[in-house]
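This report looks at how two copies of a chain are arranged and how they meet, and then turns to a single residue and its surroundings.

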Amino acid sequence: MSYFSKRYSLPGTAPGDISAAAHPVAPPRLHVIEYGAEFFFEKADASLSDCAGFVAAPTNTWIHVQGNSSPDMLREMGAAFGIHPLALEDILHTGQRPKLENYGGPLFTVLSWPSWNGDRIATQQVSIFFNDGVVISFHAGESDPFEPLRERLRDKSSRLRAHASDLLFHALIDLVIDQGFPILDELAEWIEQMEEKLLARPQPEQLHDLHQLRRDVVLLRRMLWPQRDIINSLLRDVHPLIQPETRMYLRDCYDHSVQIIEILESFRETSASLMELYLSSASNRLNEIIRVLTIIATIFIPPTFIVGVYGMNFSDAHSPWAMPELHWYFGYPLVWLVIIGMVGGMLYYFRRKNWF
Amino acid sequence: MSYFSKRYSLPGTAPGDISAAAHPVAPPRLHVIEYGAEFFFEKADASLSDCAGFVAAPTNTWIHVQGNSSPDMLREMGAAFGIHPLALEDILHTGQRPKLENYGGPLFTVLSWPSWNGDRIATQQVSIFFNDGVVISFHAGESDPFEPLRERLRDKSSRLRAHASDLLFHALIDLVIDQGFPILDELAEWIEQMEEKLLARPQPEQLHDLHQLRRDVVLLRRMLWPQRDIINSLLRDVHPLIQPETRMYLRDCYDHSVQIIEILESFRETSASLMELYLSSASNRLNEIIRVLTIIATIFIPPTFIVGVYGMNFSDAHSPWAMPELHWYFGYPLVWLVIIGMVGGMLYYFRRKNWF
Amino acid sequence: MSYFSKRYSLPGTAPGDISAAAHPVAPPRLHVIEYGAEFFFEKADASLSDCAGFVAAPTNTWIHVQGNSSPDMLREMGAAFGIHPLALEDILHTGQRPKLENYGGPLFTVLSWPSWNGDRIATQQVSIFFNDGVVISFHAGESDPFEPLRERLRDKSSRLRAHASDLLFHALIDLVIDQGFPILDELAEWIEQMEEKLLARPQPEQLHDLHQLRRDVVLLRRMLWPQRDIINSLLRDVHPLIQPETRMYLRDCYDHSVQIIEILESFRETSASLMELYLSSASNRLNEIIRVLTIIATIFIPPTFIVGVYGMNFSDAHSPWAMPELHWYFGYPLVWLVIIGMVGGMLYYFRRKNWF
Amino acid sequence: MSYFSKRYSLPGTAPGDISAAAHPVAPPRLHVIEYGAEFFFEKADASLSDCAGFVAAPTNTWIHVQGNSSPDMLREMGAAFGIHPLALEDILHTGQRPKLENYGGPLFTVLSWPSWNGDRIATQQVSIFFNDGVVISFHAGESDPFEPLRERLRDKSSRLRAHASDLLFHALIDLVIDQGFPILDELAEWIEQMEEKLLARPQPEQLHDLHQLRRDVVLLRRMLWPQRDIINSLLRDVHPLIQPETRMYLRDCYDHSVQIIEILESFRETSASLMELYLSSASNRLNEIIRVLTIIATIFIPPTFIVGVYGMNFSDAHSPWAMPELHWYFGYPLVWLVIIGMVGGMLYYFRRKNWF
Amino acid sequence: MSYFSKRYSLPGTAPGDISAAAHPVAPPRLHVIEYGAEFFFEKADASLSDCAGFVAAPTNTWIHVQGNSSPDMLREMGAAFGIHPLALEDILHTGQRPKLENYGGPLFTVLSWPSWNGDRIATQQVSIFFNDGVVISFHAGESDPFEPLRERLRDKSSRLRAHASDLLFHALIDLVIDQGFPILDELAEWIEQMEEKLLARPQPEQLHDLHQLRRDVVLLRRMLWPQRDIINSLLRDVHPLIQPETRMYLRDCYDHSVQIIEILESFRETSASLMELYLSSASNRLNEIIRVLTIIATIFIPPTFIVGVYGMNFSDAHSPWAMPELHWYFGYPLVWLVIIGMVGGMLYYFRRKNWF
């Protein structure tokens, strides 16, 4: 996740003006489903004109646009389905803050689809346009996240088939939000592994991982936090497109979005705590090394002085005061005694002080 | 407590669909109590059909389900007692955020039952379904926490017996929330013991304990925090099932939940402060060691240089300038004087500077 | 102040059930004052039956219970004066969070009385029951804090005498809250002394004091914070027992409680800042020691090598290349020159780099 | 600024009772201005009885009391101008939290006048009593801050002269609040100078200054924060004394008080960041010293061992294995080669590792 | 960005009095555009009297004042266009907190225009006065930021031309707020580069950059934060000058301002985290150096003692106990064996402990 991933027009461009945007290399793929309680039709890789026909029918239509949209196609869709230019701009300029807009009738929402590749977190934008009987979803990534919903729609006994399209709108939002759980689950496991490693043996490389974790959690939180407000707004405000019985499911969805935010908050606290833990462990380890090394050095330095004394070349030829010890009968063993006494004294003192 | 302990369906599963969940190894045990002011009947290890009969009676029924529920049993209970599928999903997927749901009549609440094994904190989910005259409680753990309530019910003079079932509903919630007090009490004692140890002699192992404590306090707070809102919502909103006189007891319960949160907050601050205290104490201890060792080494290094000088083999055979000191009458004692002067000077300087 | 000082019943006990509580060693002392504009009667060490008689009289009654109450006495008082069982439980289970309860007529409040013994902060619970013409106060500690109020009551010209008992209720609350000022005053002086000591010469023992301070400030804040809400609630809600003119005095009291909280907040920030200051000062001091010691050692190590060179026993008997320097006329002075040059160079370099 | 600078009565004193307060050494000085659109009269060092006469006149009166008030004078003023005893107590007990009181007609406000002596921040209390046609201001410090307002009043064309006294009330508040700007300006300059010094060369003395700064910013914020609420309350609530056109000026004043708080907040963050910067710079500097010193020592220790080897007194008289190197033709130069090789190898390794 | 960049009058100056302000060196340049659906007239470097004529016309007028305004010109403009003196003061005293004022009809807003010179962030004040059919913008910097808007106005098909002047007012605000995106984009890139450098090799100079970053992010946030409230107020309150269809665009603008604040918040967290990362990396690097150096020294100190022993001048002439090892046949090789054994033992121990 990069610190700034929003696409934007140059400041001063008219709002909703998307003409200056670059066309994507690969055109997006359209997938249309037309459904009712008794009716089901599905077409993958549909064309825009295929879609336009369906919308007029009394059954419900779900168009999914997978991949980066081109400005031209968006303008055509805007004209065909009545999508507001500001919404088109938001679809094109991915990296938007999640939001819910009510353009005087149709609802338009931008959500964040989190993913985790075992090492880093990423988010992709999901935009959903919802009007009576029409749901159009856009996902900027490569793989289509909505296949489980299609599976449910194909099943004739599914609750989705019997309901108006607001339940499909809810199901899309629900799917995007619930995607947070497996991501947080994997992230939690990753954190627990790192925690164990940290406590066992801290490594400088972990600093990098910890910083990454913290950064990703902060950025992910920024992208998921507003989703709570979106669902709260759907719950609180009266939208004529949303039927009362759908609200109960939205409440469930709201609970999930709150729980995801709270778990992310605890990850944030945890990542700060793990950083401190790493620093303390690393410093503990260095302290142990330095302590042992310094004790070794300190124990040998005073004896080195002693033996240096008797390496001096003062000679008794000139003075009886010149190192008479060299001529004592037990001079040499005495030196060893002194040395062993010194070392032993130091070891005893260090031991009593619990220094090793 | 693990960072992520929520069970969840795959994203895209229909809300309330619990068919994919695994069946638990051991089936849960049901305990039924049927009571009124004058009537009392109790059956442990009851069957579902036992329960269904009681519900129809005008007396109050309390069914307690101990252990992990199986999806099939939950579905049957849902059909028999009118439990909403979303509630069934929440009962099955333990690790839910505490919440209160009003499914158009019956109330459903999820709470967190904390426990402490002397070393780590854990929480288990308690779910309570409450409809007129029926209370069904679910506890996912092994030991049944509600025995004290049964004891009170068996006593004919108990206030619980004379009241409608909303007082039992309150009593269950009250018991779960008050369980926080003994846990916090033990935790506080544990913190105080650790504090004393830290101040007496910091050990690297304590780092691990402190991190654990901080992590557990953060996670416990996440699980207990929403309970305050649940009771506040019971107090604030008018629920036809809750009688006015029960509110006074709920206010007491609300006070307790607030106090628990505040105590947990102060534990959180304390655990951060203890971490700092540990780091400071550990660094103090190392500093003392390094200071003493460095002083010892520093005191012996200059004399070692001096004695090294007179170990050189310059000989007066070639030059009168070649170490004449070796031939001085008091050369050797003078060297000792110089050495003692150096060491004494250093010791005096270090002492005056208060370095040891 | 300990981390957890609340007394509580076992979870599952009926709310308001105080039968299981232990009886205190010493029975509490009752002090009754019966007063009106023209009337004053006072009895220390009164009995419960003394009190019951007074309550019926049209004059105002103030009963003060000093010391730990016994469950039996509380039950009797509850019956005699109409104190709700939940209030009795709160009086008995000291360590309650401060709160205000309106039991459908009489008001009941729990407050926190802070004290400071020159080293640690403590709080004791003050509970006040207030009904029309009756004020009953309970203080769990040993010394009676309300003597100044009695003094004012004995004075016939006092405003308290002319008013209804709501002014006495206010005066009791005001006294408890204003007690925060002398405590904070002494605490501030203690902090300032510690700050001076820290800046002059940091000592490891101060770490302990700083941790104590931080802990006490956090715990005191937890006990005083809710008092603000209590007074705010007395101000905001209409209580028929509180006369409009008393409100102006309550506003003054509210200001005081807010100021106390704000001062405590700044103490909290200060204690964190002092902890950092201690750590920085301690680390500064060690750094100075280590720097000087390392400089001393570093200055003597290279000369020690040089003199070691000329202590080698290579002899010119075998080779003209074997230490000819030993035979140079100015060999020895040259060695000293080299040594002095090295040391001087190092000193000059260290000095220029501002290392000492 | 000290941590606790509030004056207070002993707990238990009747609210508004100021009889126990000490009389100040020097009596305060009164300055009276009586003004209207066409009328202006000014008297410095006025007596209380001078003032009383003016208040009855239909023109506006501004009485300024400079210096510490005595309890007697305050009681007299209270009686003469209808100042509530609680307000008198607040005027006397300086160090109050800023506040606005509406004693059923007249307004009374306490504000904080910040000052900066180039090194430390201080605040003094300004109290303003405002009734229809009468403004009485009290400033506890030595120098009179309101001279600029008198200058404006003396000018006949000034807007203040044409207006009712609420504009004077606003002008006094505005002056006290705007005083924050020059203080923050000087403080910002001081911070920038310290920042430069810190980055150039950190000194232990700066630690003291940084702590002072942080402490003063925290305490100043505590004293200025409530002023925002005061002006907000003047704006929001309808006070009959405040005319609608004055509100526009109060909005401007509100903006200023918000900006002052925000700037103080950023100073607080900055002071914490500067503390970290100091610690990092100091640690960087020590690290550089220790690194260089340790490299010097490490380079000379192995050669010292080598030359020690050939200083041993093993003699070939007893064994051909006894240091035959001493008799090699190129023994001595070889030792130098080995030493130079060792040192060069270490230097190359350290260099490649970028250690110096 | 400096800590305090607000210009202000001396405290006590009458609000709206700008007579004491200094005149800028260079007079500002005026650019006038008069436009309608069918009409367009533009004049650069216009005079004030040019402007006055346009305002009376029924078409829309946009006057842009580039550069520092002089008090005299502002007073003239105030008289000509009905700008309130308080607004004139805010235009002159740049460094204002962004705000929106409704002077009983015309709207006046102060905004913050951020810029980035590749190294530091700066903000300049943009003030916009908006009355029916007249928009007057002021920008205190040197280069004119509004050229893109003029480009759009010159295009006859632009939505701006067809609308009333409230859309121009919105477009100006939108441009200023959207300017945040390129700034944050560049800042994010700068942060990412610094992050990479930090992880690769921390340098003391980066400390300075990190502090700068943190400071600039804090100050920028202070200047951009209130803009959110401005747009929220435009959205929430009913301003007769703002047409309903303009609100939809303001909502878009509000989203952008929220997103900018959130991104800045995450930069703030990031900069704190980077500071910690720097400190940890720097400490890791020093630790590695010290560890290796200390190991080298520790390995050579004990052998140096051993060779010192046999450099002593005890002679067997006086005692058989005087260093008989010197006469052993394998004495010298034995010493080497002992030394190699010591070093090998230490290396093995250090290796097993994973110290290098």
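In this predicted model, the residue of chain A that comes closest to the rotation axis is A:Gly311, whose C-alpha atom lies at 4.3 Å from that axis. Chain A can be laid on chain E with an RMSD of 0.1 Å by a turn of 72° combined with a shift of 0.0 Å along the axis. The two copies are thus related as by a five-fold rotation axis.

The contact between these chains takes 48 residues from chain A and 59 residues from chain E. On the side of chain A that touches chain E, the elements giving two or more residues are strand 4 (99-102), helix 8 (204-236), helix 9 (244-309) and helix 10 (331-352), and helix 9 of chain A gives the most, with 15 residues. The residues on this side divide by character as follows.

| Class on the side of chain A that touches chain E | Count |
|---|---|
| Nonpolar | 31 residues |
| Polar | 10 residues |
| Charged | 7 residues |

Only 12% of the interface residues of chain A are also interface residues in chain E, so the copies meet through different surfaces.

Within chain C, C:Met223 lies in helix 8 (residues 204-236). C:Met223 is buried, because 25 other C-beta atoms lie within 10 Å, where 20 or more suffice for that class. Not counting residues up to four places away in sequence, C:Met223 touches C:Pro98, C:Ser112 and C:Thr123. C:Met223 and C:Glu151, by contrast, are 72 residues apart in sequence and 28 Å apart in space, C-alpha to C-alpha.

Terms used:
Residues are numbered from 1 along each chain as its sequence is written. Chains are lettered from A and ligands numbered from 1 in the order in which they are written. This is a predicted model: local features need pLDDT of at least 70, side-chain atom pairs count only at pLDDT 80 or more; totals for chains, interfaces and linings use all residues. Two residues are in contact if their C-beta atoms, placed from the backbone, lie within 7 Å. Helices (H or I, at least four residues) and strands (E, at least two) are DSSP runs, numbered from the N terminus. Ala, Val, Leu, Ile, Met, Phe, Trp, Tyr, Cys and Pro count as nonpolar, Asp, Glu, Lys and Arg as charged, and the others, Gly among them, as polar. A residue is buried if 20 or more other C-beta atoms lie within 10 Å of its own, exposed if 12 or fewer, and partly exposed in between; C-beta atoms are placed from the backbone. Copies are superposed by least squares on the C-alpha atoms of residues with pLDDT of at least 70 in both.
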